[in-house]
Amino acid sequence: MKYRKLGRTNFDVSEIGYGAWGIGGSMWIGASDKESLAALRFALDQGVNFIDTALVYGEGHSEQLVGKVVKEVQRKTYIATKIPPKNRLWPARPGIGIDEAFPRDYIVRSTEESLRNLGLDVIDLQQLHTWNPEWTDRDEWRRGFEDLKTQGKVRTFGISINNHQPDSALDAIETGWIDAVQVIYNIFDQTPERYLFPACTKHNIGVLARVPLDEGSLAGRITEHTTFPAGDFRNLYFRNDRKRQVVERVKALVRDLDLEDVSHLPAIALRFCLSDPAVSTVIPGMRSISSVAGNTLASGQGPLPPNMLEILRRHAWDRNFYE
């Protein structure tokens, strides 16, 4: 496992982090706590030292599992979590004030709840779980951050950017109040490269690349006949003819990259993210030991060669399956 600085923090984080949404037990259906805990332990054994969770993942269940494993391993693990908007609206809607989403006292209370779930005294990176650029000049979120840092409950702060809206955080980066951003970045959505990544590099802001496998598409796991359990959010994400669209796009990738089969694609997708030096860590969801084993190998394989990156540039796909 290789490590990178998380922006201007003093955190040396693993290039492959652990995305803990899927182990929360809701929205991603089917995870067992036994398997999730085993995957977490194995990930840390493989050199992963960065875990991204959120208060809303299973209403605290993901945080509780993460906290349990971190206590067991007795080695430094950087924990990032997120404050859900008080109005529970994802993404943040234009025209809705910050007082409805992130009032100052709510930011503090939510962080204290996450600390209880995790069983920790301090969170390494606390993030707002959605963002509206209309809030940039408001004091509520800044004062909430200030309170938590003064109280010693949070070390650094960040923003989890709305789906497929990387430029919405550009003004927030300029304020100097945030240390990291979390953004969708993968072969299909390459838009952060244009403005967000240069801004992060300029201001030394850490970048967490989320959804690197496009909810399973770039893992080669989606076919036209794939089904998901009732209540699983992927029934919405891959609704109507979207599975067919994904299959066609993945087939084109395998063909243009001259791969033997689709099993080689996940590592390429992760290495694509790591090929941009602005990225601090990539946080795929990993609910099984086999997923951890495959994904963590990508770090040691290094960035993709320029000719492969040039091929992948042609596979950017402008669409939003979250809508």
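**A walk from valine 181 through the sheet**

Let's begin at valine 181, which, leaving aside residues up to four places away in sequence, touches Ile159, Ile161, Ala169, Ile173, Leu196, Cys200, Ile205, Gly206, Val207 and Leu208. Bear in mind as you look around that this is a predicted model.

A second core, separate and made of ten residues, includes Leu6, Phe50, Leu208 and Ile283. Val181 itself belongs to the largest nonpolar core, which has 89 residues; Val181 is among the members that touch the most others, along with Tyr18, Ile51, Val66, Phe102, Leu257 and Leu312. Helix 9 (residues 265-274) supplies the largest share of this core, with seven residues. In soluble globular proteins, nonpolar side chains tend to be buried together.

Now step back to the sheet. It is open and built from eight strands in the order 3-4-5-6-7-8-9-10, with parallel pairing. Strand 3 (18-19) and strand 10 (281-282) are at the edges, and each has a single partner strand, so one side of each lacks a neighbour in the sheet. Strands of a sheet pair through backbone hydrogen bonds, either parallel or antiparallel.

Follow the sheet to strand 8 (residues 180-184), which pairs with strand 9 in the parallel sense over five bridges. Across this pairing, isoleucine 184 stands opposite arginine 210 of strand 9. Between the two strands the chain passes through helix 6 (residues 196-203), and this β-α-β crossover is right-handed.

How well is strand 9 covered on its two faces? Gly206, Leu208 and Arg210 on one side are all buried, as are Val207 and Ala209 on the other, so both faces are covered. With five of its five residues buried, strand 9 is largely enclosed by the rest of the structure.

On the way to the sheet's edge, strand 9 (residues 206-210) is joined to strand 10 by two bridges, and these strands run parallel. Here alanine 209 stands opposite valine 282 in strand 10.

One more helix is worth a look elsewhere in the sheet. Helix 4 (residues 140-150) lies across strand 6 (123-128) and strand 7 (154-160), and runs at about 155 degrees to strand 7.

Terms used
Residues are numbered from 1 along each chain as its sequence is written. This is a predicted model: local features need pLDDT of at least 70, side-chain atom pairs count only at pLDDT 80 or more; totals for chains, interfaces and linings use all residues. Side-chain values use heavy atoms; hydrogens and water are left out. Two strands pair if DSSP finds at least two bridges between them. Helices (H or I, at least four residues) and strands (E, at least two) are DSSP runs, numbered from the N terminus. Contact means heavy atoms within 4.5 Å. Axes are lines fitted to C-alpha atoms, for helices over the stretch in contact, and angles run from 0 to 180 degrees between N-to-C directions. A nonpolar core is a set of buried Ala, Val, Leu, Ile, Met, Phe, Trp, Tyr and Cys residues joined through side-chain atoms within 4.5 Å. Buried means under 20% relative accessible area, exposed over 50%, partly exposed in between (1.4 Å probe, protein chains only). A crossover is right-handed if, with the strands pointing away from the viewer, the path from the first strand over the helix to the second runs clockwise.
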